[in-house]
Every structure is written in structure tokens, then in C-alpha cells.
Amino acid sequence: MSELNFELPSRVIPGQLLCPLYVPTEPKVTKYIAGPGTKVVHYDLNNIDVITSTRIGNVQVVEKDLPNNEENEKTTNNDMMLIEISVINKTTSNDSGISNTLSKSNRDKLLPKEGDIVLCRVVRISLQRANVEIIGFQNEPIPIDGGVGTNGHGVIGVNGGSGGATFSMSQSSSDLGETFRGIIRSQDVRATERDRVKMIECFKPGDIVKAQILSLGDGVNYYLTTARNDLGVIFAKSNNGAGNLMYAMDWQTMVSPVTGVIEKRKCAKPF
Amino acid sequence: MSAVITVVKKNGGFQNANMVLNKSIQGFVSSDEDEDNILDNDIDISSSESDSENGTSKDRLSFQIVTPGELITEDPIWMRGHGTYFLNEMTYSSVAGVVSRVNRLLSVIPLRGRYSPETGDHVIGRIVEVGNKRWKVDIGAKQYAVLMLGSVNLPGGILRRKSESDELQMRTFLKEGDLLNAEVQSLFQDGSASLHTRSLKYGKLRNGLFIQVPSSLIVRAKNHTHNLPGNITVVLGVNGYIWLRKTSQMDIAKDLPPGGSTGAGSTIKSNIGNQNGGLSANSTNVSITRLEEESSWQIYSDENDPDLSNSIRITITRYANVIKALAYCEIGITQERIVSAYEASMAYPNIGSLIEREVMESLGADVINGEKMRGNAV
Amino acid sequence: MSLSVAERSYLFDSLSSPQALRPDGRLAHQLRPIEVYIDFLPSSNGSARIIASDGSECIISVKSKVVDHAVEKDLIQVDIDIAGERDDSLLVESISSLFNKIIDTIDSSKLQLTQKYSFKIFIDVLVLSSYSYPVSLISFGIYSALKSTYLPKLISSFDDLEVEELPTFHDYDLVKLDVSPPLVFVLAIIGDNIFFDPAFNESMVANNGLIISWSQGKVIAPVRTIALNDTYVKGFKPRLVEDAIELVNKYAQDIVKTLD
Amino acid sequence: MNVQDRRRILGPASAKPLVFANSNEKQSLSALNNDELNFQNGIISNSNGSSIVENNKMSLLTLVYGPRSTRDVSFQPNCKINIIIKSEKFETKNLKELSQFLISVLQCCVCLENYPKSGIDIFINFNIEDEDELVEYIPALVSGCIIALIDANIEITDIIGAITLNHTAVCLGQNGDQLLGLWKDPYKFNNNESGDYDDSIPLSEIIKSCQEKIIVSKQQLIRFISNM
Amino acid sequence: MSNDLEKTIDIHPVSFTPEVLARISPELSLQKHLSLGFRPSLKGFEEFREIQLNEDFLSRYGKEHKDNNIIGSNVLKCGDTFVVTTITGGIIEDSVVYKNMENELIGVDDIKSTDLSNYTSIYPVVEVERGRAGACTDEEMALSQRLYDYVLYSKILPKEALKVQPGIRITDNNNGNAKVIYPDSSDNSTLPDNVFQISKKWSYLLYAKIKVFSRTGPVFDLCWNSLMYALQSVQLPRAFVDERATDLKMTIRTKGRNATIRETYEILSDPCQQYSLRLHSENIAYASNYGIINLDPEAKITEENSDEDIDMDAIESVLLADLDTEAEENSVNSTISVISNSEGGLKHVSIFGGDAKITPEMLKKLLKLSQKRACYLEDEIK
């Protein structure tokens with residue numbers, strides 16, 4: 001990494017200026033790119049664009065290769081150096097042992113985004129697809145309120161009963177995961193023999209599934225896939241949820257160690 | 001008149017509302033008489049002279065404009081079409097509009113109302129929803145139109161096969177809010193339209209301004225994209241959606257005569273004549289040669305050209321106001337009229353004054369008078 | 001309805017350029033023409049119907065009632081309804097809160113009938129359709145309606161503290177209500193430019209908006225900033241407030257003249 | 001309200017709330033005006049972010065929920081901010097107007113484009129409200145929202161400073177170079193004799209003096225955020 | 001097939017953080033914790049959460065003088081959760097029906113103070129803040145109703161304590177100074193006797209607004225305890241009637257209509273004089289809750305005797321005090337709620353059987369725990 005010709009603060013708070021977009025350094029002009037945790041903001045006072053931090057964390061600087069497509073040829077010359085500047089959240093940087101193989105950035109997992117591995121619960125299946133609700137990310141802390149409200153008087157959902165009617169607000173439940181919905185289409189269940197997938201032999205309502213986000217989908221649903229060995233059902237109970245917990249035997253069978261019941265699922269490879 | 005705001009103030013609202021309605025109807029009629037364009041060839045409004053052969057109820061049938069509930073005819077010989085209903089052997093109108101008779105079919109074409117798509121219409125639409133392998137498009141009709149993923153050209157050339165990744169990244173091609181022009185490919189059972197953009201003259205719209213006029217003012221024609229003086233191109237969607245943009249290379253090429261010419265958008269007038277003739281063959285020529293380039297990602301770009309000069313923008317604004325003035329005067333909108341109104345508007349150096357009622361009315365009058373003088377009018 | 005990215009950048013570039021080109025060619029301080037029909041509701045004390053050139057329309061009715069002003073403090077009350085919006089939606093409630101504050105600045109001593117009783121004025125606003133933030137339209141409507149309001153003429157005596165009597169009125173004679181309601185202007189800030197009366201497409205690219213009230217020759221409170229869309233909103237140079245107030249002070253008088 | 005709320009136990013309808021007679025020993029509020037705000041964050045575990053902002057006249061608890069999914073069926077590329085202020089003292093209409101104002105202000109700094117298809121819901125609860133005017137709460141409300149948003153790990157481009165001066169609230173960004181929000185209400189001389197209101201000061205001057213004060217007044221907030 | 005079975009009885013090696021596991025499989029999470037000897041909240045089985053009290057700093061009679069209408073308050077913090085209770089007052093004119101009833105009662109000599117009709121309740125509105133708007137949830141409605149009922153049946157709040165004994169505000173004709181005189185004050189000898197003969201009677205009403213923040217588990221006992229603390233802090237203001245209002249009659253003649261008589265009694269609260277609400281303090285009791293759950297033999301299966309057949313009689317169940325966390329709330333179906341005072345007097349017990357094995361020993365134990373808890377809670381306020 002090349003030397004910076006100005007001091008970057010190590011720890012920053014939102015709104016703190018990091019650097020301008022271009023810095024005339026010798027022998028090359030340095031262009032900074034706003035990475036995760038930063039944003040380009042126009043400053044009225046000096047009438048320049050600068051990169052500002054958008055979260056609390058530590059500054060990280062990574063040199064990037066010059067992209068070699070035609071667009072850049074017009075504007076940049078070879079005397080330019082690209083540096084991506086980003087702010088890494090203190091919590092994420094601390095437990096660096098957890099790394100997500102798919103998402104390159106360490107951006108906080110506030111929202112599911114393309115490529116993320118998520119855990120979801122199957123709520124409905126049809127011939128073409130399984131509807132799921134996303135309940136969290138793998139190995140990411142999640143908000144505590146899951147929407148249960150028992151008080152010795154039975155289970156009452158937070159948006160259940162007459163309290164269900166809400167208006168103007170985003171959602172009634174307080175939890176992020178509980179309310180984002182997703183779809184696993186039959187062709188996205190597995191990588192082979194995709195045309196012959198029978199949804200009923202892959203998922204059952206109530207199963208906990210590990211899946212990857214394919215796309216943001218439409219207004220309501222994310223599109224998810226389980227077409228990988230390590231993706232699929234991880235928790236399931238036999239007899240449509242009435243029986244015992246089952247464990248994966250191979251990639252399409254699960255068994256309950258207590259009762260010996262065997263059911264079909266598209267399992268995540270457990271090892 | 002104040003430069004800041006003009007206020008028309010009247011006592012009693014609803015009576016005046018009637019006056020406005022009358023005026024608009026008259027406007028419609030007058031433009032009707034002036035220009036046959038307003039009506040399609042297949043619709044024949046019989047005037048009182050050329051009335052029905054049996055001629056039993058000549059006085060009733062002589063009404064050209066009817067209001068809902070108005071008796072059209074007592075003669076049961078007519079087949080009842082859209083906009084009519086039948087009660088006690090008599091045919092009444094169910095909308096406010098113009099009576100139309102085609103052979104034995106009697107229908108009323110509403111003066112106002114939502115656009116009803118027909119196959120082959122060149123329309124402009126706005127994406128409202130990205131769905132499963134299709135986009136929902138607002139074209140101002142009763143239902144949203146559908147644009148299937150298979151009905152668009154994707155980056156990488158026409159012959160490219162649609163892959164699954166395309167389904168997942170449909171939003172990168174067209175997303176909510178995007179404007180495009182397209183052709184109505186077919187109609188579904190319920191009257192909603194299925195669109196396609198499989199031609200280089202269709203696709204995402206950029207470099208300009210969107211305005212909307214009642215769809216009844218746009219006349220269906222062979223060509224709906226016109227290059228106007230001042231390096232401006234207008235796309236007149238049949239649905240009343242209009243796009244004004246800076247003339248692009250494509251637009252110029254399209255207007256060139258088959259032999260090829262150097263004048264970029266210079267000879268509009270000459271083009272008007274040969275548009276019907278040489279155009280279709282010509283545009284396909286261009287398409288093939290430019291296929292490679294235009295099928296790249298650029299056709300779905302959201303970026304405007306960097307060289308949209310202020311003078312272009314001002315001209316676009318002037319055209320937009322001129323078209324709105326024509327719409328205000330309920331004059332059918334054609335390329336010739338836009339140009340003639342544009343020329344007339346040059347009398348007003350301040351474009352902002354074109355939004356005033358008197359100015360709009362005088363512009364409309366200028367256009368009509370101009371046509372009368374030239375003898376275009378019927 | 002949202003605009004496409006290309007449309008928005010076209011609009012934003014035009015509007016934020018030093019020449020400040022508006023999509024309909026207006027000058028920065030020019031408002032769109034409006035049509036006002038007054039006194040169109042025979043059973044109201046005053047009414048107005050106001051139509052903007054983009055088809056936005058709102059109707060206003062003024063009704064009155066005799067109240068004991070010792071009991072009822074607020075003598076003018078505005079009730080706002082916007083077609084297609086719930087009564088408790090953020091838009092309706094905040095506009096209605098704003099107008100009740102604005103109306104509060106009207107000198108209500110003109111409504112006093114006797115030492116004990118006053119007229120209470122109810123202004124009902126119904127926005128039939130609106131394509132941009134409707135406060136300006138509503139305030140012009142309220143202005144026209146109040147200016148055309150006639151109230152029954154009092155024939156009983158003014159001094160009624162001793163005599164326990166309700167005010168009585170002339171059978172048909174009416175008195176014109178003499179108040180000067182404030183006007184409210186919406187200004188859009190785009191780049192470093194300020195625009196009066198932003199149209200729908202201008203609002204969609206506005207960096208910020210200002211609501212400025214004006215009455216009898218000067219800018220009065222309430223003054224507010226307001227986001228006119230949810231994509232382009234950002235801060236602006238503080239001195240623009242000064243410019244905006246100056247603009248309002250300069251042109252509001254003309255507007256009042258044309259409204260009258 | 002004619003509609004009886006049958007979901008809550010509200011007691012007999014004929015009852016009237018206690019009305020306290022005007023006390024003559026009412027202390028003047030302006031004496032306490034310069035009280036510094038105290039901040040706290042992350043107290044509420046079932047929300048994504050939370051903050052408490054208090055001084056001896058107010059205590060407000062701000063909760064941030066989200067970004068979370070919305071009920072909007074159409075795709076939204078940006079996230080929507082929603083604010084609900086709960087207060088016993090002020091009318092809902094006024095609170096909603098204030099909510100709309102705060103949403104406008106926060107839109108200037110929250111990176112909305114990072115959170116597609118979602119909404120950020122902010123709930124503000126007043127625990128103590130001893131101030132007579134809503135406008136006086138705006139600095140605390142803005143600070144509360146900012147801390148709670150940071151606590152929820154939501155990205156923001158600026159720490160907004162807000163000052164209320166002469167019954168006018170001014171929200172400034174970029175160290176005072178940008179005006180993000182302005183709120184001025186018609187102020188009536190109430191029975192209380194606060195003489196700190198002067199109508200003759202033009203708005204631009206108020207803004208100017210706010211610009212001068214902003215750095216100092218933001219200091220404490222920034223210090224707190226740096227230690228979060 | 002049997003081959004497959006043998007080789008795949010392995011424990012799932014996919015690992016999750018405890019939070020994630022609690023969300024995706026609460027039962028498993030709970031059982032795993034219990035098999036290790038503690039609970040998901042890391043408490044012991046019979047351990048309660050610490051509580052912190054912040055009594056009565058919100059009300060007008062709190063440490064700092066405030067100009068609000070709150071006459072009693074409490075902030076109770078328990079673990080992460082905190083409950084804010086504010087009590088406001090109202091005044092109602094006693095209805096005729098009530099007066100008649102009272103006369104009848106007076107006619108009977110021995111009014112039992114234990115008669116339920118001599119007690120009233122507080123009107124509670126519970127709000128559990130969970131980031132939602134709109135109508136109240138079933139949980140909130142159920143909580144409010146339980147609080148209302150239990151306050152009434154506990155006989156804490158005697159109607160007598162809420163009677164208003166209004167004073168009279170007299171305006172001195174000479175200097176215009178207003179002065180409030182109460183029937184029991186010393187300097188009322190100068191007044192005519194009939195001045196306190198006001199024909200109407202009033203009672204105070206109490207309203208409680210209970211806001212629960214940061215809910216992590218069942219909250220009824222927290223709400224109840226907070227309400228108890230708040231009730232004990234309530235100060236009722238003295239109320240007075242304006243002299244002019246005591247016998248105000250006004251006739252209004254409207255044009256052509258009947259004359260109407262308007263009579264108003266403006267009853268105002270004295271901002272300076274107040275007295276503590278007299279509760280039946282021996283009836284004050286505190287709430288606690290318990291859960292009983294069967295230990296899942298599967299959870300221990302790896303440690304020992306995995307081959308042993310599971311004997312249904314040998315299923316062990318454990319008693320958990322003070323349920324908390326999502327995992328417990330979701331998986332513990334047998335719950336017991338107790339309201340008890342420090343002497344062990346029970347005001348309320350409810351047991352929901354669920355599926356767990358509840359032994360009499362457990363019940364005895366939990367009653368003892370409740371008493372201990374009540375002692376602790378009672379000491380907190382002193």
C-alpha cells in the first residue's frame with residue numbers, strides 16, 4: 001500500500017470527513033472510492049465532493065486495481081491510483097473470526113442483500129415455490145424481540161388478534177427477520193435435475209432452511225436459492241412439525257433418532 | 001395581467017363548469033371540422049345530410065354529440081356498440097361523446113376517457129412494477145399493460161437467448177418509474193395490452209421531458225416519432241403520453257432519405273412528404289447496421305447525454321408548452337400543428353407566458369387560422 | 001407515480017443550473033395560473049372553488065355559528081380533508097395543524113358580535129385532487145372564501161352583559177366579513193435556486209422546500225422547511241432562506257392584488 | 001369522541017380529569033433553559049437502536065426499529081422513515097406536523113439508498129415534558145434520533161445539530177454550512193411573562209447566530225457519540 | 001436403510017450462536033442450556049432478576065417540583081425490561097344510584113369492610129412498546145384487564161379513601177384575594193355553617209398508564225409490581241369548589257325556545273395541598289411467575305446412557321422462577337402466576353397445566369419463593 005500524504009483518523013464517527021475524492025500525489029493522482037461505511041457528499045463551503053464516514057468505526061484503506069473497461073479509458077490516464085476507503089464497524093472488526101464467504105464487504109447485516117446466507121422458516125409451499133420468512137443471518141446477532149407475547153394465557157402474536165390493524169408504519173412486528181419474505185422457486189432448490197424438483201419432497205412448512213439471496217425480487221419477496229451442498233433444510237420436525245427433531249442422513253433424507261421416522265427434505269450438507 | 005400569477009375569478013363554480021364543458025365540446029367540434037385527422041378512416045360520422053338510408057328519425061340522428069342517457073335512435077335496426085345501451089326498443093348513449101355508425105353498428109366514442117389500446121399502437125408507458133418475467137406498464141389505459149421479458153431486446157443482441165439470470169436482474173434493464181416507448185403487440189381478453197419493444201425505435205426514453213395530453217387528441221398514424229426544428233424529436237404516444245427529447249443520431253438517421261444526406265435534421269418539411277413512403281424500408285437499414293452498437297447496455301442506460309445544452313432545454317420547454325396549449329384548445333396534435341404553433345409562439349419571447357390561458361387560446365387560434373389560410377382544412 | 005432516473009436528472013440539471021430553467025418555462029417567481037370560483041355553495045356563508053392549471057382542485061366552505069367567546073377561545077377552525085388520504089394520515093394532520101396555526105394569526109376581534117358572543121367560523125377544506133404539496137392552493141382558497149364571506153347582520157344591542165339575551169340578526173341583510181387571511185407559499189429549493197409554486201415534477205427533484213406564510217405586507221410565522229420528495233432531500237445554504245423571504249415579500253402583494 | 005374505546009379500560013365517561021388551579025409559586029422555566037442534555041444509548045433490547053435524552057425538564061426515549069420490511073407491495077429502492085411521537089401533553093395534530101418536519105430533517109442525513117424495500121420506524125416517547133412549547137424540544141428530539149440511529153447501526157452522513165433560539169428551531173448540517181430544517185411557529189405572548197421572544201429579529205439573523213453557536217452546542221453530542 | 005441409520009446418528013455439527021439458535025429452535029436452545037444447569041438468560045433455575053426502583057420522580061409531588069397532572073409514579077427496572085407507571089386522577093360526580101346504595105348500607109349497622117362493593121379499582125392502560133402503532137394488542141388488553149380485576153379483588157383501594165371533601169374558595173370582596181378553606185381546617189369558625197353544604201358528592205378516580213419498554217419475557221408481574229409501588233406513592237390533591245359556583249344558577253332566554261338552567265360546579269384541585277392515598281396496605285401483595293418444564297432426555301443424549309430406554313415416569317421436570325427470554329417464553333407451557341404478600345398471604349394464584357409434570361413439592365416450593373420474593377420487593381420500597 002502506498003503512503004498517504006495526509007493523516008487519516010483511525011477511529012471515526014458519522015459525518016466525519018475522511019478525504020476529498022482526488023488527491024494530487026506524486027507521481028500519480030490518487031482517486032478515492034467510497035467503500036462501505038462511507039459516502040460521497042458535496043460540501044457547499046468549499047464546493048468540493050468529499051468522502052465522509054457514515055458510521056462509527058475504524059478506517060480501512062485498500063488499494064484497488066484500475067478497472068480496465070472502455071469507460072474509464074476516456075477519463076482516466078495511467079497516472080492514477082485508486083484507493084477504496086471504508087469504515088469498518090467496531091463490532092464486526094472485533095470478532096473477525098466470523099467471516100462470510102460470499103459477501104466481500106463487512107457491512108453490517110441490517111438487511112439481507114444479494115449473496116447473503118440467511119436462515120428462514122418455510123411458511124407455505126406450492127408446486128412451484130416455497131414461501132419463507134427470513135429470520136436471521138447465519139452467525140449474526142439478531143434483535144431479541146421475536147414477536148411472541150405469552151403471559152400464561154397462551155401464545156399471542158404481537159400482531160395477532162384485534163391488534164393486527166396497523167397503519168402508516170412499516171410493519172407491526174418489531175423484528176427485522178420476521179417480516180422479510182422470500183421465495184424459493186422450484187428451479188432454485190437444487191443444482192441438478194432442476195426440472196424434476198417436487199417441492200413437497202424438499203420442504204415442509206415450519207422447516208428452518210439455510211438459503212442464499214439470489215436477488216431483491218419484487219416489492220414483497222426476496223428470491224432465494226438452496227442450490228448448493230451447504231444450503232437447504234437444517235432443522236425439521238417429523239410429521240409436519242408434530243414429531244421430533246430430525247437430522248440429515250444424506251442430502252435428501254432426514255431421520256428422527258428417537259422414532260426412526262424418515263422424511264424427505266433437501267438438506268444442507270451437515271459437514 | 002400580473003407577471004407573477006394569473007387568476008380567473010368567477011362567481012359560482014358549477015355554472016361555469018358547464019361553460020367550460022361547452023367550450024371544450026365546441027373546441028372538439030371545431031377541430032373536427034377543421035381537420036379530418038381527428039377521426040380514423042374506419043369511423044364515419046354521418047352528418048345530417050348523409051343520414052341513414054331509412055331516414056325515419058332524421059332529427060334525432062342528426063345529433064353528433066350526445067350525453068349519457070340521451071336517446072340516440074328509436075330505430076331497432078342498429079346494432080348496439082360501445083357507449084350505448086338499449087331500453088324499451090330504443091338506443092341511448094351511456095357516455096358523452098360522438099355518435100359513430102359503421103354499417104349497422106352504432107356506437108358512441110367518448111370525448112374524454114381513458115385510452116383504450118389497439119394492436120399496433122405506438123404508446124409511451126411508465127414501468128410500475130417489476131414482476132415475474134414481466135413488467136407492468138402504465139399506459140393510461142384502464143388496466144396496466146404487460147411487457148414480457150421475452151418482448152424486449154436485451155443487451156448482447158437480438159439473437160441472444162434469455163437466461164435465468166436475466167429474470168433475476170430485470171430491474172437492471174427497466175425499473176419502476178422508467179419511461180419507454182413500445183408498440184401494442186396484442187390485446188388480452190380483458191382489453192389490457194401486451195407490449196413489445198423489439199425494434200430499435202422502441203425502448204427506454206432519455207434526454208428529455210415527459211408531458212401528457214388527453215389520448216383523444218393524438219391521431220393514430222403511421223409514424224409517431226417526428227423530428228422538429230431546433231434539433232428536437234417528439235414521440236407522440238397514441239395514449240396521450242408525449243416525450244420530447246434532443247434529436248439523437250438514430251432520429252436523424254431515420255429521417256434520412258434512402259440515398260443518404262448530410263443535413264442532420266435540417267429538412268423537416270421535406271420529410272413530411274416522404275415519410276409515408278420511404279421510411280419503413282429506411283429504418284430497417286439503419287437498424288441492421290447499428291444493431292451491434294445499440295444493443296449494448298447503453299439502450300438501458302439512465303444517463304442523459306452530457307451535452308444537453310441550455311438552448312436545447314429551452315427549446316424542449318417551448319415545445320412542451322406549445323403542445324400543452326394545443327391540448328388546452330382541444331386541437332388534435334400532429335407534427336404540422338406542433339411546428340406551426342411553435343412558430344407562432346415565437347411571438348412570445350418569455351416561454352413562461354405560454355402557460356397563460358389567453359396566450360394558449362391565441363396560439364390555438366393561430367394554428368387553426370393558419371390551416372384555414374393554407375386551405376388544409378376541410 | 002415516480003419519475004424515471006433520466007427524467008429526474010434532466011429536471012434537476014435544468015433547475016439547478018445557473019439559468020434555472022423550469023420545465024414549463026416559468027420564471028422562478030411565477031406561479032401557475034389558477035381559476036377561482038367564489039360563492040358557489042348557496043348554503044354556506046362563503047365558499048370558493050379553486051383549480052390550478054395542473055388539475056389540482058380544492059373546494060372551501062365557510063360556515064359560522066354564534067358562540068360565547070368566554071367559553072370558546074378559538075374562533076376560527078379549519079378542517080382539512082384530502083381525497084385519497086386517511087383523516088389521520090401524516091399529510092392531512094400536519095397540513096391541518098399548520099393551517100390552524102396560520103388561521104390563529106388572524107385578528108379575531110372582527111368576529112365579535114356583542115360583549116358576550118362572537119361568531120365562530122368553520123372553514124372546511126376539501127382537496128379533490130392535488131399533484132403537488134397543496135398548502136399554497138388551500139391558502140389561496142381560504143383567502144378567496146373568507147374574502148367572499150357574508151355573515152348575518154346583528155340587530156340586537158352590542159352591550160349584553162347585563163341583559164341575558166342571545167344576539168338576534170336581521171332577516172336578510174348580510175355584512176361582509178372583513179379579515180385578511182394570511183397566504184402560504186411553497187417554495188422549492190433546487191441547487192442554489194428558489195422556485196415559487198413547484199409543480200409535481202419540480203417537487204420530485206427538489207432538495208428541500210420552504211413553507212412561508214405572509215400576511216399584510218410581511219412574512220410571518222409559521223415558516224417551515226419541508227421535504228417535497230424522498231430521494232433528493234438535502235440541506236441548502238442558509239442564506240437562501242433570506243432570499244426566499246425577500247422574494248415572497250416582493251411578489252406577495254401582486255398575488256394578493258390579482259386574487260382580489 | 002363519540003366512539004367508545006372498548007379495547008382499553010378507560011373508566012366512566014362522565015369523569016373529568018383533575019384540573020389544578022393556577023399556582024402562584026410556579027417557577028419560571030427560562031431559568032432552567034441552559035441546562036445541558038444528558039445522553040444514553042442502547043437501553044432497549046427489543047429495538048434496533050435506542051436513546052434517552054434528558055435534562056431536568058424533559059426526558060425522551062427514542063426507539064429505532066428497522067430497517068425492516070414494509071407493507072408496501074411495490075418495490076421501493078429507498079427506505080422510508082417514519083416517526084411517531086407519543087406525548088400526553090400535546091395534540092396529535094401538532095405532533096404529526098412535528099413528525100413530518102423531523103422526517104424531512106432526517107432524510108437529509110440517513111443513507112436511504114442503502115436500505116431498499118424497507119422502512120425505519122422511530123418511536124419517541126416523552127417521559128417528562130415540562131416545556132410549554134413543542135419547538136423547544138426540537139434540539140433534544142433531533143439529538144435523540146441521531147443517537148438512536150447510530151445505535152441501530154444505520155448509516156448517516158452527518159451529525160445534525162439543532163438549536164432553538166427565539167422560539168425558532170434551526171437544524172444545521174456540515175458544521176453549520178447547510179440548513180436542514182427550519183421551524184418557526186406563530187408565538188403568542190401567553191400569560192407567562194417570558195421576555196425572550198422578539199419578533200423583530202429577522203429569521204436570517206436567528207439562523208446566523210445559530211450557525212455561530214452550533215459547533216459549541218454540538219460538542220457534547222459529538223463527544224458522546226465518539227464514546228459510543 | 002438400516003445401515004444408513006447406524007452411521008448417521010451423529011450430532012449436527014452445524015453450529016450457531018446462542019442467539020440464532022434461540023430464534024430458530026427455541027426448545028432446543030432451552031434444553032441445551034438446562035442440561036448444562038443454567039438458563040438461557042444465564043440465571044439459576046430459581047433465581048429472580050434484580051429489580052431497581054425509581055419511585056415517584058415523575059409526579060408533581062416528586063423530588064423536583066413539576067407542573068403536571070401525575071399524582072403518583074414508579075419506574076421499575078427488572079433485567080433489561082423497564083416499566084414506567086404514571087397515575088393520574090379524575091373526579092366524578094357520584095351518581096344518584098350510588099348515593100341510594102350508600103344510604104341503604106348506612107341503614108344496615110354492620111358494614112363489612114371486606115364487602116367487595118366497598119372497594120374500587122384503578123383504570124389501567126398498558127402499552128407494551130414493541131415498535132408498532134395502531135390499536136392495542138391482545139396482550140395489552142389482557143394485561144389491563146387482569147390488573148383491573150386483581151386490584152379490585154385484592155381489596156386494596158377502598159372507596160372511602162377516594163371520597164372528595166371539597167373545600168371552598170372564597171374571594172375576599174375587599175382585596176380580591178382568593179383563599180381556600182377546608183372543612184377540617186382550623187380557621188373556618190368565621191364562616192357560616194352551611195357553606196360546606198354542597199348538595200353534590202364527588203369521588204376521585206385513578207388512572208394508570210403503564211408503559212413497558214424492552215420486553216424480554218412475560219410482563220404481568222412487572223406491571224403489577226410497578227402498579228403497586230406507584231399506588232403507594234399516590235398523593236391526592238385537595239379539591240375545592242369556587243364560592244360562586246356553589247350555588248350558581250343561570251337562566252338563559254333563547255329566542256322562542258325554552259328557558260334552560262345551567263348549573264356548574266367547577267371543582268378544582270389545590271396545587272399546594274395534598275394527602276397520601278390511604279390504601280389497605282395489608283392487602284398489598286406482589287406478583288411473581290414460574291414455569292415448569294420437562295427436561296428433554298434427548299438434550300443429554302450424548303453425555304451418558306444414550307442406549308437406555310426412556311422411561312416416561314423418570315422424566316424430570318424443573319421449576320424455573322421469573323420466566324425471561326424468548327426461549328423460555330416460547331417453550332415453557334406450564335406456567336404459574338402468584339400474587340402473594342410477605343406473610344405468605346395469597347391474593348391470586350393461577351396455574352396453567354401445560355405438558356409438564358407438576359409435583360406438589362414444586363408448588364410448595366414456589367409458594368415459599370413467592371413469599372420470599374414479596375418480602376424482597378416490599379423491602380425495596382422502604
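The exercises below concern a predicted model, and each is followed by a worked solution.

**Exercise 1.** Determine which strand pairs with strand 16 of chain B, and in which sense.

Solution. Strand 16 of chain B covers residues 225–228. Its partner is strand 17 of chain B, residues 232–236, and the pairing is antiparallel with 4 bridges. As one point of register, T225(B) lies opposite V235(B) of strand 17. The two strands make a hairpin in which 3 residues separate them. In the turn, G230(B) has a positive phi of about 95°.

**Exercise 2.** Decide whether the faces of strand 16 of chain B are covered or open.

Solution. Begin with the general pattern: side chains in a regular strand alternate between the two faces of the sheet. On one side of strand 16 of chain B are T225(B) and N227(B), and on the other are H226(B) and L228(B). All four residues are buried, so a residue here has 20 or more other C-beta atoms within 10 Å of its own. Both faces are therefore covered.

**Exercise 3.** Classify E193(A) and Q174(D) as buried or exposed, and locate each in its chain.

Solution. The background is that most residues other than glycine have a negative phi. E193(A) has a positive phi, near 45°. Q174(D), also not a glycine, has a positive phi of about 50°.

Next, the locations. E193(A) sits in the loop between strand 11 (181–185) and strand 12 (208–215) of chain A. Q174(D) sits in the loop that runs between strand 8 (168–173) and strand 9 (178–184) of chain D.

Last, the neighbour counts. E193(A) counts as exposed because it has 8 C-beta neighbours inside 10 Å. Q174(D) counts as buried because it has 24 C-beta neighbours inside 10 Å.

**Exercise 4.** Find the peptide bond that joins A221(C) and P222(C), and state whether it is cis or trans.

Solution. Most peptide bonds are trans. The bond between A221(C) and P222(C) is cis, with omega about 0°. P222(C) belongs to strand 11 of chain C, residues 218–226.

**Exercise 5.** Describe the contact between chain C and chain B.

Solution. Contact involves 37 residues of chain C and 38 residues of chain B. On the side of chain C that touches chain B, helix 1 (5–16), strand 1 (34–38) and helix 5 (239–259) each supply at least two residues. The residues of that side comprise 17 nonpolar, 11 polar and 9 charged.

Strand pairing also links the two chains: strand 1 of chain B, residues 7–11, pairs with strand 1 of chain C in the parallel sense over 5 bridges. Within this pairing, V7(B) has I34(C) as its bridge partner.

Definitions and conventions: Residues are numbered from 1 along each chain as its sequence is written. Chains are lettered from A and ligands numbered from 1 in the order in which they are written. This is a predicted model: local features need pLDDT of at least 70, side-chain atom pairs count only at pLDDT 80 or more; totals for chains, interfaces and linings use all residues. A residue is buried if 20 or more other C-beta atoms lie within 10 Å of its own, exposed if 12 or fewer, and partly exposed in between; C-beta atoms are placed from the backbone. Two strands pair if DSSP finds at least two bridges between them. Two residues are in contact if their C-beta atoms, placed from the backbone, lie within 7 Å. Ala, Val, Leu, Ile, Met, Phe, Trp, Tyr, Cys and Pro count as nonpolar, Asp, Glu, Lys and Arg as charged, and the others, Gly among them, as polar.
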